[in-house]
Amino acid sequence: MGQATKNPGGSRPKRAAGPCPSWRVALLMDLFQEISTHEEAALLEHLQDCERCREERRRLRLLMQLIQTAMELPPRVPLL
Ligand SMILES: [Zn+2]
């Protein structure tokens, strides 16, 4: 009796989504296309199983597109 656990199902508490720490660097390397072929293959394999890393990759790519779009636009204000 008297079980003190707040988590009887044994499931992990829900946290803010984020990529696996061990794959964070690989995701960035992939984003900047600095990833090796071998690492990319491993990353893609991991992405098939890991929704959080897939989501992070999508967010990073979206961010990258926004940055590139912004850099291609001519500046609205003359620099000097
Ligand atoms: Zn992951």
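Q: What does pLDDT tell you about this predicted model?
A: pLDDT is the predictor's confidence in each residue, from 0 to 100. Here the protein chain averages 85, and 78% of the residues score at least 70.

Q: Which helix has the highest mean pLDDT, and which the lowest?
A: Helix α2 (residues 37-49) comes out highest, with a mean of 97. Helix α3 (residues 51-72) has the lowest mean among the elements, at 94.

Q: What makes the pattern of this chain α-α-α?
A: Just read along the sequence: the chain has three helices and zero strands, and that order gives α-α-α.

Q: Why is P19 called buried?
A: Count the C-beta atoms around P19: there are 22 others within 10 Å. The cut-off for buried is 20 or more, so P19 counts as buried. As for where it sits, P19 is in the segment before α1 (21-31).

Q: What is P19 in contact with, leaving aside its neighbours within four places in sequence?
A: P19 touches R24, L27, R52, C53 and E56. Another residue to look at is E55, which is 36 residues away from P19 along the chain. Their C-alpha atoms are separated by 7.9 Å.

Q: Why does R58 count as exposed?
A: R58, which lies in helix α3, has 10 C-beta neighbours inside 10 Å. Exposed means 12 or fewer, so R58 fits that label. Its C-alpha atom is 9.9 Å from that of L31, and the two residues are 27 apart along the chain.

Q: How do you know that α2 lies largely in the open?
A: Check its residues for burial: of the 13 in α2, the number buried is one, so the helix lies largely in the open. Across the protein chain, 9% of the 80 residues count as buried.

Q: What span is expected for α2, and what does it reach?
A: At 1.5 Å a residue, 18 Å is expected. From its first C-alpha to its last, α2 reaches 19 Å, which is close to that.

Q: How do α1 and α2 pack, and which residues make the contact?
A: Their axes are 10 Å apart, at an angle of about 115°, and the crossing is left-handed. On the α1 side the contact is made by W23, A26, M29 and D30, and on the α2 side by E39, E40, L43 and H46. Sorted by class, that makes four nonpolar, one polar and three charged residues.

Notes
Residues are numbered from 1 along each chain as its sequence is written. This is a predicted model: local features need pLDDT of at least 70, side-chain atom pairs count only at pLDDT 80 or more; totals for chains, interfaces and linings use all residues. Helices (H or I, at least four residues) and strands (E, at least two) are DSSP runs, numbered from the N terminus. Two residues are in contact if their C-beta atoms, placed from the backbone, lie within 7 Å. Axes are lines fitted to C-alpha atoms, for helices over the stretch in contact, and angles run from 0 to 180 degrees between N-to-C directions. A crossing is left-handed if the near helix is turned anticlockwise from the far one by less than a right angle, and right-handed if clockwise. Ala, Val, Leu, Ile, Met, Phe, Trp, Tyr, Cys and Pro count as nonpolar, Asp, Glu, Lys and Arg as charged, and the others, Gly among them, as polar. The expected span of a helix is 1.5 Å times one less than its number of residues.
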